[in-house]
Amino acid sequence: MGQAYIDLAPLLIDRKEEFKVDLEDPHVAEDLGYLLLDLTLVPKTSDEKEEYLAKRNRLVETQRSMKAQIWSSVVSLVLIEGKGLLPMDDNGLSDPYCKFRLGNEKYKSKVAAKTLNPRWLEQFDLHMYDDQTSVLEISVWDKDVGSKDDFMGRAQVDLSELK
């Protein structure tokens, strides 16, 4: 009926957080509804708790350093679809996904399984900083299980040239 993803990194240990997640299906354009969830992060062992706290501290430091820089604009990117991609798998199809990079920010789309004409309908918000490059790097990859993903192509867009 649909799927949703939740980033668990911002969750605090033993604190209940409410989430509303919209269900999505890359093959269906209509609204699939949503789920309301209460999530509580509870590590199973003290080692897991220490590992979580160490990762969380690194994330907080990264966010602090990013907040120290003031972004000049937000680039809202909507990945809609691909057409006529190259077949990379033995079945004559591909399992494509896209990677986006702007300065230090990186995002990766969902994998569109077994298609040469994928539909994603995903949105990504990237921050542009005055002291970083304004070139948006886009690459397309074929997801492979058990081996390295195949490179399918790359494009660059100099955002400073856009109005």
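**An aromatic cluster and its surroundings**

Phe100, Tyr107 and Phe124 are joined by ring pairs into a cluster. The structure discussed here is a predicted model, and this cluster serves as the point of entry to it.

The overall architecture comes next. The protein contains 1 helix and 8 strands, and these elements follow one another along the sequence in the pattern β-β-α-β-β-β-β-β-β. Along the principal axes, the C-alpha atoms occupy a box of roughly 50 × 40 × 35 Å. Of the 163 residues in the protein, 27% are buried. Where contacts join residues at least 6 apart in sequence, 54% of them connect residues at least 24 apart.

Within this framework, the aromatic pairs come to a count of 3. One of them is formed by Tyr107 and Phe124, whose ring centres lie 5.8 Å apart with 45° between the planes, a tilted arrangement. This pair links distant parts of the chain, since Tyr107 belongs to strand S5 and Phe124 to strand S6, 17 residues apart. How do the two partners compare in accessibility, buried or partly exposed? Tyr107 has a relative accessible area of 31% and is therefore partly exposed. Phe124, with a relative accessible area of 6%, is buried, because the limit for that class is under 20%.

Another aromatic pair joins Trp141 and Phe151: the ring centres are 5.3 Å apart and the planes stand at 75°, so the pair is edge-to-face. Trp141 lies in strand S7 (residues 135–142) and Phe151 in strand S8 (residues 150–158), so this pair ties together parts that are 10 residues apart in sequence. Here too the partners fall into two accessibility classes. Trp141 is buried, with a relative accessible area of 17%, whereas Phe151 counts as partly exposed at 38% relative accessibility.

Tyr107 and Phe124 reappear in the description of the largest pocket. This pocket has a volume of about 440 Å³. Its lining comprises 17 residues, and those nearest the pocket centre are Tyr5, Tyr107, Glu122, Gln123 and Phe124. Which strands supply at least two residues each to the lining of the largest pocket? They are strand S1 (17–22), S5 and S6. The largest share, 5 residues, comes from S6. In chemical character, the lining divides into 8 nonpolar, 1 polar and 8 charged residues.

Two of the residues nearest the pocket centre, Glu122 and Gln123, are also in contact with Val78, once the neighbours of Val78 within four places in sequence are left aside. Val78 lies in strand S3 (residues 71–81) and counts as partly exposed at 48% relative accessibility. The C-alpha atom of Val78 is separated by 8.7 Å from that of Asp125, although the two residues are 47 residues apart along the chain.

Strand S6 also holds Leu121, a residue with an unusual backbone setting. Most residues other than glycine have a negative phi. The phi of Leu121, however, is near 55°, a positive value in a residue other than glycine. Leu121 is partly exposed, with a relative accessible area of 42%. Lys114 likewise has a positive phi, near 50°, and is not a glycine. Lys114 is placed in the loop between S5 and S6, and at 57% relative accessibility it counts as exposed.

The loop between strand S5 (105–108) and strand S6 (119–129) also contains Thr115. Is Thr115 buried or exposed? Its relative accessible area is 14%, so Thr115 is buried. Apart from residues up to four places away in sequence, Thr115 touches Leu93, Ser94 and Pro96. A polar atom of the Thr115 side chain lies 2.9 Å from the backbone nitrogen of Asn117.

A further long-range approach involves Val28, which is found in the loop between S1 and strand S2 (34–39). Val28 counts as partly exposed, at 29% relative accessibility. Its C-alpha atom is separated by 8.9 Å from that of Arg119, while the two positions lie 91 residues apart in terms of their distance apart along the chain.

Note on methods: Residues are numbered from 1 along each chain as its sequence is written. This is a predicted model: local features need pLDDT of at least 70, side-chain atom pairs count only at pLDDT 80 or more; totals for chains, interfaces and linings use all residues. Side-chain values use heavy atoms; hydrogens and water are left out. Helices (H or I, at least four residues) and strands (E, at least two) are DSSP runs, numbered from the N terminus. Buried means under 20% relative accessible area, exposed over 50%, partly exposed in between (1.4 Å probe, protein chains only). A polar contact is a pair of N or O atoms within 3.5 Å; within protein, one must be able to donate a hydrogen and the other to accept it, and residues adjacent in sequence count only if both atoms are side-chain atoms. Contact means heavy atoms within 4.5 Å. On a 1 Å grid over the protein atoms alone, a cavity is a set of points where a 1.4 Å probe fits but cannot get out, and a pocket is an open set with protein on both sides within 12 Å along at least five of seven lines; lining residues have an atom within 4 Å of a point. Grid points are joined across faces, edges and corners, and a volume is the space filled by probe spheres set on the points. Ala, Val, Leu, Ile, Met, Phe, Trp, Tyr, Cys and Pro count as nonpolar, Asp, Glu, Lys and Arg as charged, and the others, Gly among them, as polar. Rings of Phe, Tyr and Trp (its six-membered ring) pair if their centres lie within 6.5 Å; planes under 30 degrees apart count as stacked, over 60 as edge-to-face and the rest as tilted.
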